[in-house]
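Colleague: Got a minute to walk me through this model? I'd like the chains one by one, then how they meet.

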Amino acid sequence: MHPLRHPRNAIFVGLVFVIVATIYFVLANVGHYHVDYAGTTMLAVLGIGTALMAYVLIAGSPNE
Amino acid sequence: MTSPSTVLTTGDPGHGVAEHNPVAGLAHDTRGGISNPILGMLLFICSEVMFFSGLFAAYFNVRATSSPWPPVVANDPVLTEHFNLHAEPFYALGLTIILVLSSFTCQFAVWGIRRGDRTGLIRNISVTLVLGIVFLLGQAYDYSTIGFGLADGTFGTTFYTLTGFHGAHVFGGVIMLSVILYRSLAGQFSAQHHDAVEAASLYWHFVDVVWIALFSTLYIL
Amino acid sequence: MATTALTPAASAYRSGLYEWLTTTDHKKIGILYVVNSFIFFFLGGILALGIRTELALPGVQFVDGEVYNQLFTMHGTTMIFLFIIPMLVGFGNYVVPLQIGAPDMAFPRINALSFWMLPLGGILLFLGFATGGAASAGWTSYAPLSEDRALGSVGSGQDLWIMGLTLIGTSSILGGINFLVTIFKMRAPGLTMFRMPILVWTVLVTSILQVMATPVLTSALIMLFIDRNYGGHFFDPSNGGIAILWQNVFWFYSHPAVYIMVLPAMGMISEILPVFSRKPLFGYKAFVFATAGIGALGFSVWAHHMFTTGLVFLPFFSLMTFLIAVPTGVKMFNWVFTLWRGKLTFSTPLLFALGFLSMFLLGGINGAFSAAVPVDFALQDTYWVVAHLHYVLFGGSVFGVFAGVYYWFPKMTGRMLNESLGKLQFVMIFIGFNLTFFPMHQLGLAGMPRRIADYAANAGWNDLNLAASIGGFVIAASMIPFLWNVFISLRNGKIAGDDPWQANTLEWATSSPPPPYNFDHLPEIRSERPLFDLRHGRTGH
């Protein structure tokens, strides 16, 4: 199956946001910038939600 | 000329791959894929996840900028004592067990109707419903004895908002389960047609997962 | 080939009031969305005229500061939540099921519910004017100002604002879910994902944004409501709360919201440009990935609205903001290359599409300046930002909306809009728009802050403000040929037929207006241009 059609790969879309959240949090700490707990939380949860959404949309789509 | 949606596909409703398809159990469309109402419920759950993300974001932000946490209230050691949820997690743990159990019974109900077992469906949905109501009553009792209110600083505000909105979602789930129970008693579900049961159970599992996150955050972390 | 099964006597619509109030047909609901949105466009426009009238000359002439605050607050709120977002959803509602060959949306009754929440939400918002004062803390409603019951309106205006927006947000979320299930599950056979029209792709990404971002706004609104009404302390610094938390949660939604406000308009342009240049869309796959990229990146830039608070990880957000220019630039190039060496027909839809391209480009450029932190430090909360947001939202989205109106009016009503009146409207609105908003660049650079009811006569801002105010009235005047055009065309416009534009996508393969079930039968679908293929003998049916 084409990689873009495999449901498991759809989860990577969400994972991207979790990675961004991690980078956001870590770099802010390391660089002594303002550490934004609210933003980190929202981005991380967005990653989880988007992974779930992408998975159900791809897995739930009809075969073409 | 037949319209596209009446073309029936036979056999594998998944993706033609030999590996286990995690959504294989969910009710399927004739054309393949998850049925529309269930997909809709799953997407709704995604949106609800984001709703709670805003509330959790507020909580973590407030907590990270307050020292100490739980807050120490000058001149009010009793209130400070009440804020210390870590000392007394057992009641909340009891609520957690009730909700987790209800998720199990809900899933038993789904498995039942997938097999066509209407009696099993009714029994398990009833138990789930009762457990859900017990949870709500338990939460209300907790509120009445916990010793602080919504207006008691940011601790009170975040606690009541998070648990309150979770409770509201449980209440929504209880209503959904009541409708499912009614429809089950009326014989409206079969092994081939029970989308509403699947959808309601997915929502109920979501509510349970949120509670586990809440419980861990408020009482353990 | 086309849908001709119905005799003229079998009217596709029973268009009585009851039918319109209870319809679950995506086409009627789409029209309801469009009409409702235009009503709020005019209401928001009147509020804008109120702003521009006061600012035309220095000195307080017509409204005091408190009323002025209500004007700009309600102008922004109305235009964003009651005009542009639902307008684009309305076009999506009408066109998307047709373009994918579906008979309706996945959840027709929820579709109707989503619509009716809008006029209700709008009434709640505007009720503030009748109950002591509408919300007046800006459409961004920053804490702690918005927490204060004593400031501004007697209090209920802000609470009504919260309630109205919660309802409207719910409408948005439900609509997004509806679109996603429709697009993923109800495409006609042969219409693979990578054969979908770009409008469908943009609506798809917009719907993802709506479903994932709007609930965050809901949570912010609820927290504000709790603070205002139940003694909560989320944003209350005197009790351990954090004022900037509001900004963080609010902008986490409101930045993706701006992409919700523009992506479907970009989709509409992507439909119109190929048709009027008689060329395929350049770089279809790049469009898809660029749209997805914009949607994803759009979640990681929210704090660029907060650079000056001193509590932001500046390099991160500046970098992410610059990055968004990349997929947007890709789209720009692709649109231009679609036009390049095409056989152009300068009908009104194309004129508005070209207006979109040029004005959105300006908005993108002045936005790129703001992405640079030091520049933003100087220009934050000045009229530069007002210029930027109007160039992308008016020059971009509104021009896109009008392009869509002129393009799809024939499909929706069976009549063509008058070309001369259309061209007249375009010239007037183009001139009026630039006259209003271009001077705001200079005003911002000269230091004029936004959200002020008055300014000193010796600040050097007088002429530009007067020019902007005149421009505002020119924009208002441009609505006259438009409304007249709609009125006469509905009664007596040229009959459109199925496919007046010789277009490419499926909505033109059925009658104008389509029957309730949309298609008697569909052409064979083997590319993203099924109608073009059919017309040129490459496919059957």
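Modeller: Sure, we'll go through chain C, chain A and the contacts between chains; keep in mind that this is a predicted model.

Colleague: Start with chain C. How many helices and strands does it have?

Modeller: Chain C comes out with 16 helices and zero strands.

Colleague: And what does its radius of gyration say about how it's packed?

Modeller: The value is 23 Å, and a compact globule of 541 residues would be near 24 Å, so chain C agrees with that expectation. Along the principal axes, its C-alpha atoms fill a box of roughly 70 × 45 × 45 Å.

Colleague: What percentage is buried?

Modeller: In chain C, 58% of the 541 residues are buried. As for its contacts between residues at least 6 apart in sequence, 81% join residues at least 24 apart.

Colleague: OK, switching to chain A. What's in there by way of secondary structure?

Modeller: Two helices and zero strands.

Colleague: Is chain A compact or spread out?

Modeller: More spread out than a compact globule, because its radius of gyration is 15 Å, well over the 11 Å that the globule rule gives for 64 residues. The C-alpha trace of chain A spans about 50 × 20 × 10 Å along its principal axes.

Colleague: How much of chain A counts as buried, then?

Modeller: 50% of its 64 residues. Taking the contacts in chain A with a separation of 6 or more, 66% are between residues 24 or more positions apart.

Colleague: Now the helix packing. At what angle do α2(A) and α6(C) pack?

Modeller: About 145 degrees, with the axes 11 Å apart; α2 of chain A covers residues 37–59. The crossing of α2(A) past α6(C) is right-handed.

Colleague: Which residues make that contact?

Modeller: From α2(A) you have M42(A), L46(A), G49(A), T50(A) and M53(A), and from α6(C) there are I208(C), M212(C) and V216(C). By class, the contact has six nonpolar residues, two polar and no charged.

Colleague: Last topic: chain C against chain B. How many residues are in contact?

Modeller: 30 residues of chain C are in contact with 30 of chain B. On the chain C side, α5 (156–185), α6 (198–229) and α7 (243–260) each supply at least two residues.

Colleague: Which helix gives the largest share there?

Modeller: That's α6(C), with nine residues of the side touching chain B.

Colleague: And the chemistry of that side of chain C: how many nonpolar, polar and charged?

Modeller: 20 nonpolar, nine polar and one charged. So α6(C) turns up in both places: α2(A) packs with it, and it supplies residues to the side touching chain B.

How values were computed:
Residues numbered from 1 in each chain as written. Chains lettered and ligands numbered in written order. Predicted model: local features only at pLDDT ≥ 70, side-chain atom pairs only at ≥ 80, totals over all residues. Contact = placed C-beta atoms within 7 Å. Helix = DSSP H or I, 4+ residues; strand = E, 2+ residues; numbered from the N terminus. Nonpolar A, V, L, I, M, F, W, Y, C, P; charged D, E, K, R; others polar. Rg over C-alpha atoms; globule rule 2.2 N^0.38 Å. Buried ≥ 20, exposed ≤ 12 C-beta atoms within 10 Å, placed from the backbone. Axes fitted to C-alpha atoms, helices over the stretch in contact; angles between N-to-C directions. Left-handed = near helix turned anticlockwise from the far one by under 90°.
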